[in-house]
Amino acid sequence: MVSEIEKIMSNIEQVRNIGVIAHVDHGKTTTSDALLAGAGIISERVAGEALALDYLNVEKERQMTVKAANASLYHEYNGKGYVINLIDTPGHIDFTGMVTRSLRVLDGAIVVVDAAEGVMTQTETVLRQALEERVRPVLYINKIDRLIKELRLTSSQLQDRLVEIIKDVNNLIDMYAEPEFKDKWKLNPAAGNVAFGSAKDQWGITVPIASKKGINFQQIIDAYSSDDKDKIAALTKKAPLHEALLDMVVKFVPNPKEAQKYRIPKIWKGDLNSDLGKAMLEADPNGPVVFYVNAIHVEKAGLVATGRVFSGTLEPGKELYVVSQDVTGRVLQVSLYMGPFRELTQRVTAGNIAAIMGIDNLRAGETLVESQYKSQGAPFEQLHYIAEPVVTIAIEPAKVQDLPKLVDSLRKLTIEDPNLVAKINEETGEYLLSGMGQLHLEIALWMLKEIYGLEVKASQPIIVYRESVREKSQVFEGKSPNKHNRFYLSVEPLNDETIDLIHRGAVREDQDSRDRAKILKEQAGWDYDEARRIWAIDENINVFVDMTSGVQYLKDVKDTIIGGFRIAVKEGPLAAEPVRGIKVVLHDAEVHEDPVHRGPGQIYPAVRNAIWAGILTSRPTLLEPIQKLDIRIPMEYLSAVTTIIVKKRGKIIDVENTPSGTRVLAEIPIAESFDLAAELRGSTAGKALWGTEFSRWAPVPDSMLDDLIRKIRERKGLPQKLPSLSDLLGP
Ligand code: GDP
């Protein structure tokens, strides 16, 4: 049975790697379930064996849809069998980091759009991300029944509506696809790369299928307006959804070999002329193994890493090099997917999705290469996170004896979702969990309870702020406690372009300094020589530049100075929040000749104090996280919703009338968003639908600044008074 699957998998033309992407609630889960229900049971189809495990019931019982890493489906098209790997892309808006990671292993995406709602922000966000990764979209317009039952559209209105959605999606493709793909990837319903249907009722058609099977819109309208269950069931029988979608996938999504030719140059950082590069461009099963991990699950027996074999053949016993950790490990087990279940196998060839066990400390996003090729081992591009952890809760187990279990579960949770950050507050002994929004943390708490079986108590969410400056400071002298070392430092704000480049991962600490300087000069207006002198870039987007010349012993203490810089920006002087977006310039220094007098105990405070003095004197402020809101309401609620947004220090960005109501795009500070859901529901008789997304960091209003600093310092047990210049620099 496994060997049947292996046979198809080793014929790369018969493999497709896809995902389903959608705005929340548009039907991603229902659509994926329909695909699995229709085509999931590979064993039955291929081997004639009835391994009729009822996937859906198992899933519902375990409530783990959010966690299934992959499901391999079987589909026949023009008499030929195909393995279609359906890779899970988390549907929740706060999981954008995980979405990016899974996009990397797929070549095509079914974009699901609710026919009544149309294209919404998250549709745009994920489609944009997909196009950036050179993932080819096909479109599925879902919930056609709503157009008939709720909006009572006539056949021609219905067609107008579909045309309008296709146009919207094509506009996005036009906007975000690279020129070479734009025309090729534009949707054309007549060609069959757009499907319409109802995932709930599990039917779907494309234009070619409709004409082949003699189905027209009037028949569909009749079935739904009379609410005739038999007519709907007949439709499902005649035009099952999975058939329409998978036909579309086989026909329009490239096979891994075709896709890797143009995707590898975009998503892999290494040398395309190296053995690894060449093997991946060809998806060569006889080349060296390259395996990219897109999801990790912690199971009883150990870590299971699911990912894509970009070249070579993965077999138990292979020794792989973990690129980012510079270690090697041996693969103990290799498995493939059948439907949603993993089955052990002896080999998975290039282009396919596999799961491995046996290599420790793997994290999602890791690249593994066959160990003989370790010198060529470059990672897949650093993942660009659009969102950042901005909300924190303190958690403790309901029962004290569960503490070790909590620690263990938090570790697993943060391995599975690297956008969650768990920390222990050394002073209070509290466990802190940070996420990208309130909902993200709610899901994490839910997983602790449902999946790890832990009862926990959680505090109210606390917003994470950033500290920054708005002006350039003068140069301050920081002295070491023994007065033998002196550093002359200034701080200033980084420009938006630089922040964006670092945020996107285009400018990084571990980069060739010439490449980096070139990018900063061309795209962010830096002086090339100054950019060449960057010593450090920290995770919260602060840069350290060395502009000294001829300082004796400076090289010997470079790492210690960088250490002092990291300490200074890890917890800033205003409220011990991370500093973001500053450039620290070292202008001059005196370093003691004797290493005994220039250890970290001397240098850290000297560097930190001068940086803090710079921050405190250059119009410092706190930055707060701002959230984007995309709200759909019936028109009559517009003023009620506007009132709520404005009351919450928010801003309306755009109001647009669509066939299904009014769409309001707005921004509000996350600090004001905690009871937003209740208020929006309350003031719209429950009719508001919305999505949220992290937008940006913005300075808090000056009128609130002092009060906010006071409150945070109080919460953290810091003295009320900020450090003064004489505290920092001496008299
Ligand atoms: P997701 O958030 O994108 O995964 O969306 P779900 O698949 O969970 O669907 C959201 C809601 O839409 C659920 O209540 C589904 O039952 C409903 N839904 C899904 N497909 C259809 C459909 O074809 N017609 C209608 N009317 N509702 C649907």
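Tutor: Let's begin with a definition: a residue is buried if 20 or more other C-beta atoms lie within 10 Å of its own, exposed if 12 or fewer, and partly exposed in between. Keep in mind that this is a predicted model.

Student: What makes Leu554 count as partly exposed?

Tutor: Leu554 has 18 C-beta neighbours inside 10 Å. Buried needs 20 or more and exposed needs 12 or fewer, so Leu554 falls in between and counts as partly exposed.

Student: Where is Leu554, and which residues does it touch?

Tutor: Leu554 is in helix α21. Leaving aside residues up to four places away in sequence, Leu554 touches Thr548, Ala589 and Val591. The C-alpha atoms of Leu554 and Glu593 are separated by 9.8 Å, and these two residues are 39 residues apart along the chain.

Student: Why is Ala576 called partly exposed?

Tutor: The reasoning is the one we used before. Ala576 has 14 other C-beta atoms within 10 Å, and that value lies between the two cut-offs of 12 and 20, so the label is partly exposed. You will find Ala576 in the loop between α21 (554-570) and β28 (582-590). Ala576 also has a positive phi of about 55°, although it is not a glycine.

Student: And what makes Arg619 partly exposed?

Tutor: For Arg619 the number is 15 other C-beta atoms within 10 Å, so it too sits between 12 and 20. Arg619 belongs to the loop between α22 (600-616) and β29 (620-633). Its phi is positive, about 45°, although Arg619 is not a glycine.

Student: How many of the residues are buried in the protein?

Tutor: Buried residues make up 49% of the 731 residues. The secondary structure comes to 26 helices and 32 strands.

Student: How do you know that the largest nonpolar core lies between two domains?

Tutor: Domain 1 (1-254) and domain 2 (265-376) both give residues to this core, so it lies between them. The core has 119 residues, and Val111, Ile141 and Leu245 touch the most other members. Helix α13 (residues 241-252) gives the most to this core, with seven residues.

Student: Which residues does Ile141 touch?

Tutor: Not counting residues up to four places away in sequence, Ile141 touches Val113, Ala115, Leu162, Ile165, Val194 and Phe196. There is also a second, separate core of 41 residues, which includes Leu501, Val543, Phe544 and Ala613.

Student: Now to the helices. Why are α18 and α19 called oblique to each other?

Tutor: Their axes cross at roughly 135°. Roughly antiparallel needs an angle over 145, and roughly perpendicular runs from 65 to 115. The angle of roughly 135° fits neither range, so α18 and α19 are oblique to each other. The axes of α18 (residues 496-503) and α19 (residues 513-524) come within 9 Å, and the crossing is right-handed. Glu497, Thr498 and Leu501 in α18 meet Ile519, Leu520, Gln523 and Ala524 in α19.

Student: What makes α23 and α24 roughly antiparallel?

Tutor: Helix α23 (residues 638-647) and helix α24 (residues 676-683) pack at about 155°. That is over 145, so they count as roughly antiparallel. Their axes are 9 Å apart, and α23 passes α24 in a right-handed crossing. Where they meet, Ala640, Val641 and Ile644 in α23 face Glu679, Leu680 and Ser683 in α24.

Note on methods
Residues are numbered from 1 along each chain as its sequence is written. This is a predicted model: local features need pLDDT of at least 70, side-chain atom pairs count only at pLDDT 80 or more; totals for chains, interfaces and linings use all residues. A nonpolar core is a set of buried Ala, Val, Leu, Ile, Met, Phe, Trp, Tyr and Cys residues joined through C-beta atoms within 7 Å. Helices (H or I, at least four residues) and strands (E, at least two) are DSSP runs, numbered from the N terminus. Domain bounds come from an automatic or database domain assignment. Two residues are in contact if their C-beta atoms, placed from the backbone, lie within 7 Å. Axes are lines fitted to C-alpha atoms, for helices over the stretch in contact, and angles run from 0 to 180 degrees between N-to-C directions. Angles under 35 degrees count as roughly parallel, over 145 as roughly antiparallel, 65 to 115 as roughly perpendicular and the rest as oblique. A crossing is left-handed if the near helix is turned anticlockwise from the far one by less than a right angle, and right-handed if clockwise.
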